[in-house]
Amino acid sequence: MPGRSKYSKKKSENLKRKSESQKRKKARSSAKKKGGSKKRLLKEEKHYEYSELESPDEKKKIIDKILEIYPDERLDLKFSSPFELLVSAIFAAQAKDEVVNSATEKLFQKYKSPEDFANLKPEDLKDYVSKINFWYKKSQTVINVSKEIIEKYQGKVPDSVDELVKIKGIGRKTANMVVGGAYGKPAIIVDTHLMRVSQRLGLVDEGLSPEEIEFKLKEIVPEEVQTKFSFALIRHGKKVCHAKNPDCQICELKKLCRWYKASFKYT
Ligand code: SF4
């Protein structure tokens with residue numbers, strides 16, 4: 001019944017508003033307890049303006065705009081096969097892509113396939129990857145992953161996230177990176193940049209886990225552009241929407257950005 005659905009929508013909007021206002025009230029009282037100044041109260045309130053946008057149209061505009069700004073982005077990691085991307089992604093955890101690329105350039109000249117890595121010891125990789133943080137542990141992971149790919153997948157890297165995450169040492173971010181970046185299939189790659197930018201823009205609520213963000217974005221981003229969208233958002237996080245000092249003044253998304261609008265309201 002149309003009347004009824006309108007009523008439920010209104011009811012859910014009221015509930016959401018009520019919950020946001022409760023969050024703000026809680027933040028204010030916690031700031032007061034900490035002896036907060038007016039500036040601190042506003043800062044605490046602003047923190048809670050960081051929640052998901054309610055309007056699907058606004059979210060769609062953001063998705064369209066980010067794809068317009070960054071129409072043809074790629075991963076910064078260099079690779080020539082799904083397996084090479086998998087190895088690079090393992091080494092790239094909490095490391096700079098440039099450092100990983102410089103190490104893997106020589107590494108992949110010598111070792112290219114799971115068979116090449118499976119019988120090595122981490123020490124055998126030291127000369128190539130010692131500049132990458134946690135190189136020993138990451139090398140061991142690469143070796144173990146190679147063995148599992150040979151034993152369970154006949155040496156071929158699986159092309160689905162569900163299969164990839166069954167391999168010990170592969171998380172959802174790496175799995176999505178391989179599926180989207182190497183196989184060109186739909187993927188939402190939730191790295192630190194995508195997490196931060198999607199929350200600031202208001203595409204998702206703040207405080208969600210990477211997995212929750214992945215599934216939430218899968219609901220709102222059309223499947224055929226999910227991988228492009230991931231690359232675009234990651235690029236925006238690296239170039240403009242920095243963790244510490246986002247370049248809001250030059251940002252082409254500012255008119256649509258919930259974080260920017262909330263900040264502007266209080267300045
Ligand atoms: S306006 Fe600022 S916070 Fe919003 S996306 Fe742009 S840089 Fe990030």
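Okay, let's begin with a definition: a crossing of two helices is left-handed if the near helix is turned anticlockwise from the far one by less than a right angle, and right-handed if clockwise. Hold on to that, as we'll use it for two helix pairs. One thing to say up front is that this is a predicted model.

So what are we looking at? The protein has 14 helices and 0 strands. If you walk along the sequence, you just meet α after α, right to the end of the pattern. There are 267 residues, and 33% of them count as buried. Now take the contacts with a separation of 6 or more: 63% of those join residues that sit 24 or more positions apart.

Let's put that definition to work. Helix α7, residues 122-129, meets α8, with the two axes coming within 9 Å and crossing at roughly 120°. How do α7 and α8 lie relative to each other? They're oblique, because an angle of roughly 120° is not under 35, not over 145 and not in the range 65 to 115 degrees. And the handedness of the α7 and α8 crossing is right-handed. On the α7 side, the contact uses P122, L125 and V129, while α8 brings W135, Y136, S139, Q140 and I143. Sort those residues by type and you get 6 nonpolar, 2 polar and no charged.

Helix α8, residues 135-153, also pairs up with α4, residues 82-91. Here too the axes come within 9 Å, but the crossing is at roughly 150°. That makes α4 roughly antiparallel to α8, because the angle is over 145 degrees. This crossing is right-handed as well. From α4 you have L86, V87, I90 and F91, and they touch K138, T141, V142 and V145 of α8. This time the split is 6 nonpolar, 1 polar and 1 charged.

Keep α4 in mind while we move to α10. How much of α10 is buried? Mostly covered is the answer, with 10 of its 11 residues buried. The buried ones run K173, T174, A175, N176, M177, V178, V179, G180, G181 and A182. And what does the covering? It includes α4, α9 (161-164), α12 (210-220) and α13 (226-239). Just after α10 ends, G184 takes a positive phi of about 65°.

Let me zoom in on one residue of α10. T174 sits in that helix, which covers residues 172-182. Is T174 buried or exposed? Buried, because T174 has 24 C-beta neighbours inside 10 Å, and the cut-off for buried is 20 or more. Ignoring its neighbours within four places in sequence, T174 is in contact with L86, A89 and I90. You've already heard two of those names, L86 and I90, in the α4 contact with α8. T174 also has V190 16 residues along in sequence, with 9.1 Å between the two C-alpha atoms.

Another buried example is I234, over in helix α13. I234 counts as buried because 23 other C-beta atoms lie within 10 Å. Setting aside neighbours within four places in sequence, I234 is in contact with I189, D191, H193 and L194. Then there's R196: it's 38 residues from I234 along the chain, yet their C-alpha atoms are separated by 9.4 Å.

Now for the opposite case, out in the loops. Most residues other than glycine have a negative phi. Q94 has a positive phi of about 50° although it is not a glycine. You'll find Q94 in the loop between α4 and α5 (97-110). Q94 is exposed, because just 9 other C-beta atoms lie within 10 Å, and 12 or fewer counts as exposed. Q154 does something similar: its phi is positive, about 50°, and it isn't a glycine either. Q154 is in the loop between α8 and α9, and it counts as exposed because it has 8 C-beta neighbours inside 10 Å.

Last stop, the ligand. Which residues come nearest to it? Of the 14 residues around the ligand, those are C241, C248, C251, C257 and Y260. Two elements give two or more residues to the shell, namely α11 (192-201) and α14 (258-265). The largest share, 3 residues, comes from α11. By type, the shell holds 11 nonpolar residues, no polar ones and 3 charged.

That's my tour, thanks!

Terms used: Residues are numbered from 1 along each chain as its sequence is written. This is a predicted model: local features need pLDDT of at least 70, side-chain atom pairs count only at pLDDT 80 or more; totals for chains, interfaces and linings use all residues. Helices (H or I, at least four residues) and strands (E, at least two) are DSSP runs, numbered from the N terminus. Two residues are in contact if their C-beta atoms, placed from the backbone, lie within 7 Å. Axes are lines fitted to C-alpha atoms, for helices over the stretch in contact, and angles run from 0 to 180 degrees between N-to-C directions. Ala, Val, Leu, Ile, Met, Phe, Trp, Tyr, Cys and Pro count as nonpolar, Asp, Glu, Lys and Arg as charged, and the others, Gly among them, as polar. A residue is near a molecule or strand if its C-beta atom, placed from the backbone, lies within 6 Å of it.
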